[in-house]
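Student: Please walk me through this model one question at a time, and explain the terms as they come up.

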Amino acid sequence: MYVDTDLQTATWHGSVLLLTPRNYPPPVVVLNDGSTSSAPFPSILLDTYKMTAFYRVDISVKLDVSREKRVEYMVNNTGPTYRFFVPGQTTPWRFAFWSCNGWSLSVTDKDKAELGGDNVVWDDLLQKHASVPFHVQVCGGDQLYSDKIWQSDIWKPWLKIKDKYVRRDSPFTREMAAYADDFYFTHYVKCFFMSKFGDSMTTLPISTIIDDHDVWDGIGSYPDYLQFSQVFVQLKEYAFKYWRLFQAHTNQQLARQHGYFGQRGYSWLKQFGPYTAALGPDTRYERSISTIIEPQTYDMTFERLARLPASVRHLVVFLGVPIVYPRLTYIEKALSGMKSIGLTKLGFIAKQRAIVNIWGEPELSDDMNDHWTSEVHMEERKQFVLRLQEYARRNSVRVTFVAGDVHCCGAGQFSSANPPLPPEQDHRLMKQIISSAIMNIPPPNIVIRAVHSSAKTYELDKFTHENMYKLFEKDVNGKAPPNNNAKLLARRNFSSYVEDLGSGKLLVNIHVQNDNNQGTRAYFIEVPPLLAGNSV
């Protein structure tokens, strides 16, 4: 995992997670950066599961002034040699972003085969990494799909309780706790150690944010009687226990020491070299149906942003769900009145999904509430963006959003409205890159068409417009996209980012899976710097 870079000492910091038999001695890691081998880096015990021990090894590499390094490492000075790459102090950083590394429960084997299976986009990402290495892969949520936790019979007695408030207050039993512990451990082992993602982590350091499926579908976006029920509250703790261990290389006691912050959640802020900072807000732990991130966590975030070095030109904000996205208000309103209008009117969106979920709530309501553009979150969203605008203006830092979740790709932006300004002078210009999914199935074209019809120009306030723009004039096959929907493309993808140190731009490509399930086609987006002293 990539932890951070200390610009004062020119030191790259990372960590290695190792699982060993519980009775084995603590492991060590040895690095070789091409010039010398390090002394062994010791490990600390994070936790145990039955006969398995979780160890974290903190590692560090001194950065060269003007050249990248290939760093090799071994565990206990034996076995296979792994390698990763670090930039120089004055060379550009390259990083990848992806999301949704798994399959929804409704996806059939036929659906998977038609898309080429699990690894078409993964193979392309790893091929590009082998050719020109990335320094970090930002995992944008849904690194695994944990929804099947609810398929166990252990929940049936609880689900049969008809009174919502009796169900809310029913205890989380020892049997439920044992099942949750077993489920999340074994599910992580399968998804992280028996996959291309697992292979990638040995050679391409991760930084992860969490989204709902890492816990279970829609977590945080359910009514309070569910969200604050004993079962939901305690089960969420088991999901986060294993997110911390497998994805953050930490535990509850050490998380703050390891750089995670929040009133209750696990946000992070890291330097991707001297010119780019990366912010990964936790939009799940503190979430309720009315709040995405608690006010105290926003304050902590902006206090940390204010301390970033003056060299920073770009702030990339990684979110699970896009903050610039077509409005889904008409669907929300339909869902809120489902009992009176009947259920069939939304069947075209649900496709293979049940209209009512296992908790008796409208199936799509959590998906709608998940969005920043949901009516209930619009004021929180507005205040977050306005605070980022002021940060950008004061510090001449370009803010860019990158997000996944929606199983399609596209680009949008906030920008100054009255009057419009040149990009280099517009502190309100914040592009939104949407890159999803690296594995999961794209939505049917009829859904993209419905969302596309809402992709209009909106006002954040009287000074700021927001809109999606036409990135996909041509599909990957060279033809017009389905229904001429040029703003969102329903194909699997990942995205890549390279600093252009000469111009100060951030160069972005969304790599979209080809029709023949071989390789990808790139769609280019340029993020300009915000020139010091020129913002209006």
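Tutor: Let's start with a definition: a charge sits over a ring if NZ of Lys or CZ of Arg is within 6 Å of the ring centre and within 35 degrees of the ring normal. This is a predicted model, in which local features need pLDDT of at least 70 and side-chain atom pairs count only at pLDDT 80 or more, while totals for chains, interfaces and linings use all residues. Residues are numbered from 1 along each chain as its sequence is written, and side-chain values use heavy atoms, leaving out hydrogens and water.

Student: Which residue lies over the face of F261?

Tutor: Look for a charged group above this ring, 4.2 Å from the ring centre. The residue lying there is R304.

Student: How far is the charged end of R313 from the centre of the ring of Y275?

Tutor: Here the charge belongs to R313, and the ring below its charged end is that of Y275. The distance to the ring centre is 4.8 Å.

Student: Over which residues is the pLDDT below 50?

Tutor: pLDDT is the predictor's confidence in each residue, from 0 to 100. The protein has a mean of 91, and 91% of its residues reach 70 or more. One stretch falls below 50, although it has 26 contacts (heavy atoms within 4.5 Å) in the model beyond near neighbours in sequence. Where pLDDT is low, the predicted coordinates should not be read in detail, and the stretch below 50 is residues 337–353.

Student: How many residues of strand β2 are buried?

Tutor: Strands (E, at least two residues) and helices (H or I, at least four) are DSSP runs, numbered from the N terminus. Buried means under 20% relative accessible area, exposed over 50%, and partly exposed in between, using a 1.4 Å probe and protein chains only. β2 covers residues 11–21 and is mostly covered. Of its eleven residues, the number buried is eight.

Student: Which residue in β2 stands opposite D6?

Tutor: Two strands pair if DSSP finds at least two bridges between them. Strand β1 (residues 2–6) pairs with β2 in the antiparallel sense over four bridges. Their hairpin has four residues between the strands, with A10 taking a positive phi near 55°. Opposite D6 in β2 stands T11.

Student: How many bridges join β2 to strand β5?

Tutor: β5 spans residues 52–62 and runs antiparallel to β2. One facing couple is G14 with I59 in β5. The bridge count for β2 and β5 is eleven.

Student: Why does the pair of W12 and F84 tie together parts that are far along the chain, and how many residues apart in sequence are they?

Tutor: Rings of Phe, Tyr and Trp (its six-membered ring) pair if their centres lie within 6.5 Å; planes under 30 degrees apart count as stacked, over 60 as edge-to-face and the rest as tilted. By this rule there are 50 aromatic pairs, and W12 with F84 is a stacked one, 5.0 Å centre to centre with 25° between the planes. W12 lies in strand β2 and F84 in strand β7 (residues 78–86), so the parts tied together are apart in sequence by 72 residues.

Student: Is W12 buried or exposed?

Tutor: W12 belongs to a cluster linked by ring pairs, whose members include Y2, F84 and Y497. With a relative accessibility of 2%, W12 counts as buried.

Student: What angle lies between the planes of F54 and F246?

Tutor: F54 is buried at 0% relative accessibility, and F246 is buried with a relative accessible area of 2%. Their aromatic pair is edge-to-face, with 5.3 Å centre to centre. The angle between the planes is 90°.

Student: Which residue's side chain is joined to that of R287 by a polar contact of 3.5 Å?

Tutor: R287 is in the loop between β12 (276–280) and α10 (295–306), and it counts as buried at 2% relative accessibility. A polar contact is a pair of N or O atoms within 3.5 Å; within protein, one must be able to donate a hydrogen and the other to accept it, and residues adjacent in sequence count only if both atoms are side-chain atoms. The partner of R287 is S221.

Student: What residue in β16 is the bridge partner of G412?

Tutor: Strand β15 (residues 409–416) has eight of its eight residues buried. β15 pairs antiparallel with strand β16 (residues 430–435) over six bridges. The bridge partner of G412 there is Q432.
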